[in-house]
Amino acid sequence: TWFWNLIQNDFRTGNIDFEGCMRLFEKMNISFDEDHFKHIFKKTLDKHTEDVISMDDFRAIYRALVHRPEYEDLFKSYSTDGKILPDGQLLKFLVKEQFQTEADETTALEIIMKHEPIDEVRKKRQMSFEGFVRYMNSEECSIFKIQHKAVYQDMTQPLCDYYISSSHNTYLIADQLKGPSHLWGYTSALLKGCRCLEIDCWDGNNNEPIVYHGHTLTSRIPFRSVIHVIDKYAFMSSAYPLVLSLENHCSPKQQEAMADCLKSVLGEKLLSLPLGGDVNMTRLPSPEALKFKVLIKNKKVGTIEESLMRMDDDYHGEVEEISDSDTRSDDDSDDTVPARGSRTSFKRKGGDPRTSIPPHKRTKMKKVKIALALSDLVIYTKSQTFVSFEHSLQHQQCYENNSIGEAAARKLAKTSVKEFISHTTRFITRIYPKGSRMSSSNYNPHDFWNIGCQMVALNFQTRGLPMELQDGKFLDNGACGYVLKPEFLRDCNTSFTPRNVGGYSKPMSLTIRLISGHQLPPSSLSKTNKADPMVQIEIYGVPEDQTRKKSSVVRSNALCPKWNETFNFTIQVPELAMIRFCVEDEISLVNKEFLGQYTLPVMCLNTG
């Protein structure tokens, strides 16, 4: 009765066509895959002469797409009469199947009130099969813990204690040789919760700086337009601080234009003074303290104190030179490798800052001109050339950070992993893709998360495993772009390394029962809605935890393939582990087509 009442209005004028049928499904909030929907609709039409269906036909289509047999089996095993689930039986289901040991009658009643669509059933504190289907398809039964869909971590620790969602060459939406630069690069990254954007700035006409990948054929966009887009979308997906990493190739005059633009467009959002006027900081402020603030990451002249002393002066047109070492590893030419202000180094420690650089690493120093107007906007994210871990320990301040190319970072992770991890407990470290990745491909970010690197910058426009790991990792903590690092990667005295986890291992036993699939994308080779799906379950984390297991192949079924296979994993460091479910269509023994994937942190897995 409930079902007929729901749909009869749409059939008032007679039978409905394909479009009408789709509209009715949307009205009922039923999600469906169009390929499968078309196929089932066409099969229903085979019995008719016209291209329209009756109410009975509609019910058959509804049941084919919504009433999954595995839900029916589950429902019937707890229902007393096969039609109704009383609140007591629902509670049994929650405890036994969903492992919700804390659940009580109130929990069961809340679920009934939220998901049961039939009034008279709901009033009796019961659940119909329709309500059960809606509950099973809801976020509460998602494999991703609903508690982790909101910010739940401590956000009052220093910035360097968090993984920060970071983008490389954010303005590019294709390759980095001749692809287009586009404002959509910034919009889409911000809507994904990205919290560190890169802006490559070059001199433009009429004193208006432009953004593009220098010395290439990529198109150009005005710096001012980029800042307007950032102003609009900065805090739409996350309230936590946004870092603008400037790769600055502009003349001092256009650097001043950049500073004026940042101030006038961003206004109050721009952090241009230290919080509470504190210039002698020994630790970075927290994401909580910097909510709704935009931070500028760039080279800086002198100290924060000197910037504050200049505040009331009119220093437009004033420029200072700072030394910038020409150190570059073989394939890393990202100009975010920043300047070391020799003036400040002399002041702080006395003597030549190069004395701690091994002789074979000493390189010529070039002079870089910096407009004070732009320099003074840098507060907590001062770009500092990385020399060595020993040099950083002696000279680097907590508000200074390093950018290291992936190849150099990989070498350091092999030769000095303990020092690298110790470094990332103190200073924000940004890793970026090597310059030879002309197609804007990505490296595996997990290698650098494992050693505590905060800003592991990827080309967001390039789909594939690295971005799937990135998206999965930052689903955590309300997808706010900040994820608290495990305690053992925040402690300065840690002895943890990815290859020797020692006492930091907290083994987790994980059992996954792969039951079935529903409305999987059909194979591109299928003329109807078919595929030969198989599932790979992969674990990414410390080397010891990396593994993958495969299901069998189900032939010619993408609508409702069933596996009923169980997989067991033992994970040594679950805090760093991610799990990826990848569905492929087996075209032949050697050829497989990617159909879809879902990646999430192991600690975000929901039981049941």
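**Entry 1. Asn-591**

I began with Asn-591, which at 37% relative accessibility counts as partly exposed. I worked throughout on a predicted model. I located Asn-591 in the loop between β20 (578-586) and β21 (592-601). I then looked up its separation from Ala-189, which is 402 residues away along the chain. The C-alpha atoms of Asn-591 and Ala-189 are separated by 33 Å.

**Entry 2. The chain as a whole**

I noted the overall figures next. The protein chain has 608 residues, and 55% of them count as buried. Its secondary structure amounts to 21 helices and 21 strands. Along the principal axes, I find that the C-alpha trace spans about 85 × 60 × 50 Å.

The domain assignment divides the chain into domain 1 (1-66), domain 2 (69-141), domain 3 (159-307 + 364-489) and domain 4 (506-604). I recorded one distance between domains: the C-alpha centres of domain 2 and domain 3 lie 48 Å apart.

**Entry 3. Two annotated regions**

I consulted the UniProt record, an unreviewed entry, for named regions. It annotates residues 374-490 as "domain: PI-PLC Y-box". Over residues 374-490 I find 39% helix and 15% strand, with the end C-alpha atoms 32 Å apart.

The UniProt record also lists "domain: C2", again as an unreviewed entry, for residues 490-608. Here the chain is 0% helix and 42% strand, and the end C-alpha atoms are 32 Å apart.

**Entry 4. The second largest pocket**

I examined the second largest pocket, which holds about 620 Å³ of space. Its lining consists of 21 residues, and those nearest the centre are Trp-2, Arg-63, Ile-118, Ser-128 and Glu-130. Four elements give two or more residues to this lining, namely α1 (2-7), α4 (55-66), α5 (69-78) and α9 (129-136). Helix α1 supplies the largest share, four residues.

I sorted the lining of the second largest pocket by residue class and obtained eight nonpolar, five polar and eight charged residues. I then asked where the second largest pocket lies with respect to the domains. Domain 1 (1-66) and domain 2 (69-141) both give residues to the lining, so the pocket lies between them.

**Entry 5. Phe-75 and helix α20**

I turned to helix α5 and picked out Phe-75, which is found in it. Phe-75 is buried, with a relative accessible area of 2%. I compared its position with that of Leu-85: the two are ten residues apart in sequence and 7.7 Å apart in space, C-alpha to C-alpha.

I also checked the cover of helix α20 (residues 465-473), and found it mostly covered, with seven of its nine residues buried. The buried residues of α20 are Pro-466, Met-467, Glu-468, Leu-469, Gln-470, Gly-472 and Lys-473.

**Entry 6. Cysteines**

I searched the whole structure for disulfides and found zero. Why is Cys-201 not bonded to Cys-250? The sulfur of Cys-250 is the closest cysteine sulfur to that of Cys-201, but the distance is 5.4 Å, too far for a bond. A disulfide requires the two sulfur atoms to be within 2.5 Å. Cys-201 itself is buried, at a relative accessible area of 0%.

Cys-560 is likewise in no disulfide, and the nearest cysteine sulfur, in Cys-21, is 18 Å away. Cys-560 counts as partly exposed, at 27% relative accessibility.

**Entry 7. Positive phi angles**

I looked at backbone angles last. Most residues other than glycine have a negative phi. I noted two residues with positive values.

Asn-169 has a phi near 45 degrees, a positive value in a residue other than glycine. I placed Asn-169 in the loop between β3 (162-164) and α10 (183-191). Is Asn-169 buried or exposed? At 0% relative accessibility, Asn-169 counts as buried.

Ser-556 is not a glycine either, yet its phi is positive, at about 50 degrees. Ser-556 is found in the loop between β18 (547-550) and β19 (562-571). I recorded Ser-556 as partly exposed, with a relative accessible area of 44%.

Definitions and conventions. Residues are numbered from 1 along each chain as its sequence is written. This is a predicted model: local features need pLDDT of at least 70, side-chain atom pairs count only at pLDDT 80 or more; totals for chains, interfaces and linings use all residues. Side-chain values use heavy atoms; hydrogens and water are left out. UniProt positions are given in the numbering used here, feature names are shortened, and annotations may be inferred rather than shown by experiment. On a 1 Å grid over the protein atoms alone, a cavity is a set of points where a 1.4 Å probe fits but cannot get out, and a pocket is an open set with protein on both sides within 12 Å along at least five of seven lines; lining residues have an atom within 4 Å of a point. Grid points are joined across faces, edges and corners, and a volume is the space filled by probe spheres set on the points. Ala, Val, Leu, Ile, Met, Phe, Trp, Tyr, Cys and Pro count as nonpolar, Asp, Glu, Lys and Arg as charged, and the others, Gly among them, as polar. Domain bounds come from an automatic or database domain assignment. Buried means under 20% relative accessible area, exposed over 50%, partly exposed in between (1.4 Å probe, protein chains only).
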